[in-house]
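Colleague: I have a small chain open on my screen and would love your help with it. Could you take a close look at one part for me and then set that part in its wider surroundings?

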Amino acid sequence: MRELREVAQRYDESKTIVHPELGRIDVDGQVLFTENRAQTLIVLNTRPGTESHSKLELLSVIGHQQLTP
């Protein structure tokens, strides 16, 4: 049986991703570490109602398709 561990530390940061066709996408990042730092989980999301959120939603639909011919 696996032993459950609590997340020891959490850091919040803002980053910018530059997509080749959609341009700048601002994301909020949460970095979670286990107590012994053997594992790290990075969660990136956008703020609802922002242009970045709309761009990320568009990317979830189009995937790897190109927007230009």
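The part in question is the place where helix 1 and strand 2 come together, starting from Ser52.

Colleague: What is Ser52 in contact with, leaving aside its neighbours within four places in sequence? And is Ser52 buried or exposed?

Modeller: Happy to walk you through it. Please keep in mind that this is a predicted model. For orientation, the chain has 1 helix and 3 strands, and along the sequence they follow the pattern β-β-β-α. Ser52 sits in helix 1, the helix that covers residues 51-62.

Ser52 is buried, because its relative accessible area is 9% and the cut-off for buried is under 20%. Across the 69 residues of the chain, 19% count as buried. Once neighbours within four places in sequence are set aside, the contacts of Ser52 are Arg24, Ile25, Asp26 and Thr46. With Asp26 there is also a polar detail: the side chain of Ser52 reaches the backbone nitrogen of Asp26 at 2.8 Å.

Now follow that contact list to Arg24, which is found in strand 2. Arg24 and Ser52 are 28 residues apart in sequence, yet their C-alpha atoms are 7.5 Å apart in space. For the chain as a whole, 32% of the contacts between residues at least 6 apart in sequence join residues at least 24 apart. Arg24 counts as exposed, because its relative accessible area is 52% and exposed means over 50%. Its side chain makes a polar contact with the side chain of Asp26 at 2.9 Å. So Asp26 takes part twice here: its backbone nitrogen is reached by the side chain of Ser52, and its side chain pairs with that of Arg24, while Ser52 itself is buried at 9%. Beyond four places in sequence, Arg24 is in contact with Thr16, Ile17, Val18, Ser52 and Lys55.

Ile25 comes next. Not counting residues up to four places away, Ile25 touches Lys15, Thr16, Ile17, His19, Thr46, Ser52, Lys55 and Leu59. Ile25 also belongs to the largest nonpolar core, which is made up of Leu22, Ile25, Val27, Leu59 and Ile62. Strand 2 and helix 1 are the elements that give two or more residues to this core.

Ile17 appears in the contact lists of both Arg24 and Ile25. Ile17 lies in strand 1, residues 7-19, and counts as partly exposed at 40% relative accessibility. Together with Ile42 and Leu44, Ile17 makes a nonpolar surface patch of about 290 Å². The accessible surface of the chain comes to about 6000 Å², with 52% of it belonging to carbon and sulfur atoms.

Two places outside this part deserve a look as well. Arg37 is found in the loop between strand 2 (23-34) and strand 3 (40-45), and is partly exposed at 45%. Most residues other than glycine have a negative phi. Arg37, which is not a glycine, has a positive phi of about 60°. Past the helix, Gln66 lies in the segment after helix 1 and counts as exposed at 62% relative accessibility. Gln66 and Pro20 are 46 residues apart in sequence, with 9.7 Å between their C-alpha atoms.

Terms used:
Residues are numbered from 1 along each chain as its sequence is written. This is a predicted model: local features need pLDDT of at least 70, side-chain atom pairs count only at pLDDT 80 or more; totals for chains, interfaces and linings use all residues. Side-chain values use heavy atoms; hydrogens and water are left out. Helices (H or I, at least four residues) and strands (E, at least two) are DSSP runs, numbered from the N terminus. Buried means under 20% relative accessible area, exposed over 50%, partly exposed in between (1.4 Å probe, protein chains only). Contact means heavy atoms within 4.5 Å. Accessible areas come from the Shrake-Rupley method with a 1.4 Å probe; for residues, only the protein chains shown count as cover. Patches are made of residues with over 30% relative accessible area and no salt bridge: like charges are joined within 9 Å, nonpolar side chains (Val, Leu, Ile, Met, Phe, Trp, Tyr) within 5 Å. A salt bridge is a side-chain nitrogen of Lys or Arg within 4 Å of a carboxyl oxygen of Asp or Glu. A polar contact is a pair of N or O atoms within 3.5 Å; within protein, one must be able to donate a hydrogen and the other to accept it, and residues adjacent in sequence count only if both atoms are side-chain atoms. A nonpolar core is a set of buried Ala, Val, Leu, Ile, Met, Phe, Trp, Tyr and Cys residues joined through side-chain atoms within 4.5 Å.
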